Amino acid sequence: MLIREQTDHDADDVRGLRKVAFGSTSEDNPLRPGRRGLVAELDGRPAGTLAINEFHQYYGGAPVPLGGIGGVAVDPYARGRGVATGLLDRALTDLREHGQPLSALYATVPALYRSRGWERAGVFEWLDLTVDRVAPGPKLATRPVGEDDLAGLHACYNDVASTVNGLLDRSPPAIDVADVRRLDITSVVPGHDGEVRGYLTAERDREGLRVFDLIGRDAETQLGLLGGLASWGGLLDRLSLRVVDPAVTGLLTNQGIRHTVNTSEWLLRVVDLPAAVAARGWPAARWLRSAAVDLDVVDEHAPWHAGRQRLVVEDGAVRVEPGGSGAVRLHARALGPWFSGMQDSHALRRAGLLTGDAALLDQLVGAPGVPRLADFF
Ligand SMILES: CC(C)(COP(=O)(O)OP(=O)(O)OC[C@H]1O[C@@H](n2cnc3c(N)ncnc32)[C@H](O)[C@@H]1OP(=O)(O)O)[C@@H](O)C(=O)NCCC(=O)NCCS
């Protein structure tokens with residue numbers, strides 16, 4: 001098997017592999033600015049492919065370079081022979097070479113990705129809202145999004161996104177903010193001096209209304225944009241709201257005890273621990289003058305960061321350097337959920353992915369996870 005970089009000459013083959021795997025019929029060139037690809041050849045012809053999108057994901061307020069893997073497809077005749085695994089192995093070195101210390105993907109087959117160190121580390125959710133539960137909000141002066149609004153809209157999104165671990169910064173070229181103008185419904189709330197106070201983007205289809213972004217810099221703007229959705233009452237019973245800002249869906253909407261949330265889980269892989277730690281923001285480290293934890297990273301697929309590493313906190317900054325006693329043993333799969341804050345060290349230990357006292361690791365990420373009750377009253 002030969003694994004190589006994808007070129008424009010592979011466009012037809014890659015589209016063919018994706019059509020068979022996903023039923024997709026996109027005519028777009030699979031390669032475009034902000035996206036690269038790998039191809040696996042068997043007997044001289046492409047038998048598998050994957051794409052790597054060049055994103056940045058916010059952690060602790062800093063955008064960390066992330067390879068977003070998608071479109072993993074293997075020709076049915078070639079499945080079960082290690083083609084996808086070979087592509088992932090090559091992707092790990094490729095990500096490191098391209099300065100992407102993190103990688104995320106949505107997995108149809110978690111076992112495949114877990115075998116190479118990706119692990120569940122966050123959710124992507126759509127909330128079903130009943131239209132008659134949408135409270136009328138303050139009346140806002142809104143207008144459709146124009147060309148001149150795009151920079152302000154992006155800034156408004158980023159001011160919110162930088163405070164939510166995991167959200168992308170939606171920077172070009174991988175993401176073009178101008179694409180929002182192709183949507184059916186766009187609405188911007190202008191602020192002072194060209195600043196955007198908030199905006200809403202949505203698409204109407206046969207199923208109903210899908211609201212992609214509902215973003216506001218303040219509660220009045222958020223409640224006003226939410227209230228505007230009440231105008232769909234009578235025609236639609238419910239609508240779907242993508243969870244971007246948990247303040248909107250967690251604190252300002254009125255869904256009842258039981259409601260429907262559609263969840264897609266994403267898996268995260270720390271490809272290069274020292275680089276990922278250097279790129280992340282560490283707000284909690286500000287309260288720690290000096291501390292360290294000695295790690296032993298068990299990661300045969302990313303040997304460059306495997307073995308003894310010391311995570312050092314000094315004057316509010318955090319770094320990883322070689323050495324130390326290896327007191328806390330971390331499996332490659334533990335790194336993603338720890339880094340994202342989705343799981344704390346206790347859960348990682350119970351899952352067999354960590355041994356040793358890792359209280360400092362929890363303290364640093366804040367390990368917020370998703371708080372839950374498991375009893376009804
Ligand atoms: C999923 C897919 C990419 C796997 O490709 P592949 O080349 O057959 O995978 P590999 O041979 O490298 O298999 C690696 C491991 O994953 C497991 N695996 C692969 N496909 C699986 C499936 N559908 N369900 C459960 N396990 C699966 C294999 O059993 C193997 O485990 P093992 O090493 O313990 O035997 C391929 O089946 C495919 O193209 N499916 C359709 C598209 C798709 O679902 N893509 C994934 C998008 S995230």
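# Legends to the close-up views

**View A. The loop that holds P173 lies between α4 (150-161) and β7.** Helices (H or I, at least four residues) and strands (E, at least two) are DSSP runs, numbered from the N terminus. P172 and P173 are joined by a cis peptide bond, whose omega is about 5 degrees. The model is predicted: local features need pLDDT of at least 70 and side-chain atom pairs pLDDT 80 or more, whereas totals for chains, interfaces and linings use all residues. Residue numbers start from 1 along each chain as its sequence is written.

**View B. D43 occupies the loop between β2 (35-42) and β3.** The phi of D43 is positive, at about 50 degrees, although this residue is not a glycine. D43 counts as exposed because it has 8 C-beta neighbours inside 10 Å (20 or more other C-beta atoms, placed from the backbone, make a residue buried, 12 or fewer exposed, and numbers in between partly exposed).

**View C. D315 sits in the loop between β13 (307-314) and β14 (317-322).** D315 is not a glycine, yet its phi is positive, at about 50 degrees. With 9 other C-beta atoms within 10 Å, D315 is exposed.

**View D. Helix α8 (332-340) is followed by a loop that contains G341 and leads to α9 (345-350).** Because 9 of the 9 residues of α8 are buried, this helix is largely enclosed by the rest of the structure. The buried residues of α8 are A332, R333, A334, L335 and G336, together with P337, W338, F339 and S340. Just after α8, G341 adopts a positive phi of about 85 degrees. G341 is itself buried, having 21 C-beta neighbours inside 10 Å. The C-alpha atoms of G341 and Y59 are 9.3 Å apart, although 282 residues separate the two in sequence.

**View E. The contact between domain 1 (2-100) and domain 2 (135-253) is shown.** The protein also has domain 3 (267-365); the bounds come from an automatic or database domain assignment. Over C-alpha atoms, the centres of domain 1 and domain 2 lie 31 Å from each other. Each of these domains gives 12 residues to the contact (C-beta atoms, placed from the backbone, within 7 Å). On the side of domain 1 that touches domain 2, the largest share belongs to strand β3 (residues 45-59), with 7 residues.

**View F. The surroundings of helix α5 (residues 219-228) include three strands and a helix.** T221, Q222, G224, L225 and L226 are the buried residues of α5. Among the elements that cover these buried residues are the strands β7 (185-190), β8 (196-205) and β9 (208-216), and the helix α6 (246-252).

**View G. Contacts of Y199 are drawn, leaving out residues up to four places away in sequence.** Y199 touches V145, L153 and C156, and also S187, V188 and V189. D213 and I215 complete the set of residues that Y199 touches.

**View H. The ligand is surrounded by 16 residues.** R79, V83, A84, T85 and L112 come nearest to the ligand (a residue is near when its C-beta atom, placed from the backbone, lies within 6 Å). Strand β4 (62-74) and the helices α2 (83-97) and α3 (110-114) each give two or more residues to the shell around the ligand.

How values were computed: Contact = placed C-beta atoms within 7 Å.
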